[in-house]
Amino acid sequence: MAGHDHHHHHHHNNNLSLCFCDLMRLLWSLVVPCVYLSLLLTLLLLLLLLGLRMWLQGQRKARRAQDGGPAVAFFHPYCNAGGGGERVLWCSLRALMHRYPGVSFVVYTGDQGVTGEQILEGARQRFNIILPQPVTFIFLNHRMLVEASSYPHFTLLGQSAGSMYLGWEALTAFVPDLYVDSMGYAFTLPIFRYLGGCKVASYVHYPTVSTDMLSVVRERNPRFNNADFISRNPVLSAVKVVYYCCFALLYGLAGSCSDVIMVNSTWTLGHILALWRSPSRTSIVYPPCDVRAFLDVPLDDEDEEEVEEGWEELGRELRGEEEAGGDRKCHSVVSVGQFRPEKDHRLQIRAFRKLLDRKGDGPGGRESLRLVLIGGCRNQEDEERVLMLRGLCQELAVEDRVDFKLNVPFEQLKRELVDATIGLHTMWNEHFGIGVVECMAAGTIVLAHKSGGPKLDIVVPYEGGQTGFLADTEDGYAAAMETILTLSPTARLEIRRNARRSVERFSDQEFEACFLAATESLMSQLER
């Protein structure tokens with residue numbers, strides 16, 4: 001019996017090993033053709049890429065023979081938006097044109113229904129910038145591929161793939177010698193570098209994926225576009241962390257193609273160094289703010305006649321006025337920023353409501369305060385957001401004290417800022433904050449969010465003196481506004497002076513010098 005059992009067992013083992021051998025043989029017979037096929041496909045792909053590269057190089061040669069000089073192209077799909085990023089674009093173009101008259105310039109834009117002249121006219125009106133030489137606009141047809149609204153899920157991945165296609169469309173339309181990505185579409189860099197054989201540079205306003213995002217998802221914080229079910233579900237959160245990490249890796253690879261990397265602030269620098277890991281090619285170039293346009297306004301806006309008087313007289317005037325007629329009748333709190341969700345206008349309105357509650361109805365109370373929200377709307381979504389914000393004002397019963405001013409020209413913006421007492425900024429982790437700098441240059445007292453650029457680069461002490469205030473909660477904002485309003489005009493003047501002197505480091509002239517210094521190595525290679 002035992003012998004029979006033993007025999008049976010042995011037979012069973014044989015069967016198993018035979019099965020195993022067959023299985024291996026089957027797998028091998030499947031794997032070998034797969035390996036051959038994938039090698040063949042890889043070779044074909046490489047040949048295709050080489051062919052494309054040679055074809056594009058040929059196009060460039062033909063163009064250079066025709067133009068007789070090198071061309072620099074900027075990739076800026078939203079070049080008519082009128083935000084801080086566009087100011088960087090126009091200032092860098094102006095700087096390069098002055099410095100390299102023999103080079104031709106091209107801008108790839110995704111704007112539809114406008115002409116090049118209209119775009120340049122918009123730049124003149126909004127930023128008061130006039131380019132010394134003509135620029136060629138190349139209009140791309142597929143900008144919707146980089147819009148977040150096109151990808152309800154896997155937005156980052158979708159936008160990045162979309163930007164690669166848009167970059168390809170741009171490259172086939174025009175092959176430059178130097179490609180500058182001035183809007184942060186890092187995934188276009190490898191296309192221009194390896195397919196187009198161009199030199200590439202990038203100016204990064206904001207890292208597409210940031211180490212902050214990774215930690216926020218890890219902590220399952222619903223602040224970031226995490227759908228609620230993702231932030232509640234640990235498995236989905238884990239998947240999202242893996243997705244972010246893989247994406248960060250790809251983003252780092254794409255970004256490190258860049259020959260020259262410029263970032264706009266200390267905050268962005270930290271992230272880009274962590275992700276792209278190319279410290280030798282990376283430098284901070286603060287974005288240009290039109291500081292000069294505001295500096296010609298005298299700080300003593302409470303007495304218009306004696307503009308030419310020195311600071312001492314100014315101080316005395318202010319103190320005299322203080323004894324005579326008390327403080328100014330009306331104080332406005334102004335916020336400048338596009339109506340995008342992350343700018344957090346809701347926080348401004350809620351904090352303003354709390355301030356009104358604290359101030360009460362007496363003199364110097366509710367009637368003497370107003371909140372002015374100035375900003376641009378990029379699209380339909382932004383306009384709907386403004387409607388929601390108006391709704392919120394009614395809900396909080398402050399609609400009579402809040403003004404919305406949409407898409408205002410520069411002169412009006414300047415007037416509002418000069419008249420304002422407080423400049424308000426509420427965006428969490430703003431990478432730089434041009435609006436904050438404009439407020440300080442105009443002589444308003446700035447109250448910014450205690451994070452990102454405003455905290456690290458802008459609202460920092462100047463020669464030991466205070467330059468503004470920082471807050472990060474509704475109550476904090478309300479309390480800080482109350483503090484600013486109760487300061488004596490003399491104390492206020494002191495802060496405004498410090499702030500104004502400190503922002504000269506963000507002027508157009510500084511930007512142009514730093515931008516030219518950063519790109520000099522690349523430009524000198526082009527000239528040959």
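**Entry 1. Overall layout**

What share of the contacts in the protein with a separation of 6 or more comes from residues 24 or more positions apart? I find that such residues account for 71% of those contacts. I note at the outset that this is a predicted model. I looked up the secondary structure next and found 19 helices and 13 strands in the protein. The protein has 528 residues, and buried ones make up 50% of them.

**Entry 2. Confidence**

I checked the confidence values before reading local detail. The mean pLDDT of the protein is 87, and 88% of its residues reach 70 or more. I marked residues 301–327, where pLDDT stays under 50. For that stretch the model has 27 contacts beyond four places in sequence.

**Entry 3. The nonpolar cores**

I then looked for nonpolar cores. The largest has 41 residues. I list those with the most contacts inside this core: Phe75, Tyr108, Tyr179, Phe192, Tyr251 and Trp276. Among the elements that give two or more residues to the core are strand S1 (71–75), strand S2 (104–109), helix H4 (155–173) and helix H9 (266–276). Helix H8 (234–255) is also one of these elements, and H8 gives the most to the core, with six residues.

I recorded a second, separate core of 36 residues. Its members include Phe74, Cys91, Leu131 and Ala518.

I followed Trp276 further. Leaving aside residues up to four places away in sequence, Trp276 touches Ala186, Ser202, Val204, Tyr251, Gly252, Gly255, Ser256 and Ile261.

**Entry 4. Aromatic pairs**

How many aromatic pairs does a search of the whole structure find? The search finds 20. I examined the pair formed by Phe339 and Phe404, whose ring centres are 6.2 Å apart. Their planes stand at 35°, so I enter the pair as tilted; this class lies between stacked, under 30 degrees, and edge-to-face, over 60.

The pair links distant parts of the chain, since its two residues are 65 residues apart. I place Phe339 in the loop between strand S8 (331–336) and helix H12 (345–359), and Phe404 in strand S10 (residues 402–406). Phe339 counts as buried at 0% relative accessibility. Phe404 is buried as well, with a relative accessible area of 14%.

I also found a cluster in which ring pairs link Phe75, Tyr108, Tyr179, Tyr185 and Phe192. Of the cluster, I had already listed Phe75, Tyr108, Tyr179 and Phe192 among the residues with the most contacts inside the largest core.

**Entry 5. Cysteines**

I searched the whole structure for disulfides and found zero. Cys91 is in no disulfide: the nearest cysteine sulfur, that of Cys289, is 9.2 Å away, whereas a disulfide needs the two sulfur atoms within 2.5 Å. Is Cys91 buried or exposed? I find Cys91 buried, with a relative accessible area of 0%. Cys514, by contrast, is partly exposed, at 32%.

**Entry 6. Asp508 and its surroundings**

I located Asp508 in helix H19 (residues 508–527). This residue is buried, with a relative accessible area of 9%. Which side chain makes a polar contact with the side chain of Asp508? I find that of Arg94, at 3.3 Å. Beyond residues up to four places away in sequence, Asp508 touches Arg87, Cys91, Arg94, Pro288, Cys289 and Asp290. The list thus includes Cys91 and Cys289, the two cysteines whose sulfur distance I recorded above.

**Entry 7. Gln57**

I turned to helix H1 (residues 2–67), in which Gln57 lies. A polar contact of 2.5 Å joins the side chains of Gln57 and Arg60. Not counting residues up to four places away in sequence, Gln57 touches Gly196 and Gly197.

**Entry 8. Positive phi outside glycine**

I noted two residues other than glycine with a positive phi. Phi of Asn429 is near 55°, and that of Glu463 is about 50°. I place Asn429 in the loop between strand S11 (422–424) and helix H15 (434–442). Glu463 lies in the loop between helix H16 (452–458) and strand S13 (469–471).

Which of the opposite words, buried or exposed, applies to Asn429, and which to Glu463? Asn429 is buried, with a relative accessible area of 7%, whereas Glu463 is exposed, at 71%.

How values were computed:
Residues are numbered from 1 along each chain as its sequence is written. This is a predicted model: local features need pLDDT of at least 70, side-chain atom pairs count only at pLDDT 80 or more; totals for chains, interfaces and linings use all residues. Side-chain values use heavy atoms; hydrogens and water are left out. Buried means under 20% relative accessible area, exposed over 50%, partly exposed in between (1.4 Å probe, protein chains only). A nonpolar core is a set of buried Ala, Val, Leu, Ile, Met, Phe, Trp, Tyr and Cys residues joined through side-chain atoms within 4.5 Å. Helices (H or I, at least four residues) and strands (E, at least two) are DSSP runs, numbered from the N terminus. Contact means heavy atoms within 4.5 Å. pLDDT is the predictor's confidence in each residue, from 0 to 100. A polar contact is a pair of N or O atoms within 3.5 Å; within protein, one must be able to donate a hydrogen and the other to accept it, and residues adjacent in sequence count only if both atoms are side-chain atoms. Rings of Phe, Tyr and Trp (its six-membered ring) pair if their centres lie within 6.5 Å; planes under 30 degrees apart count as stacked, over 60 as edge-to-face and the rest as tilted.
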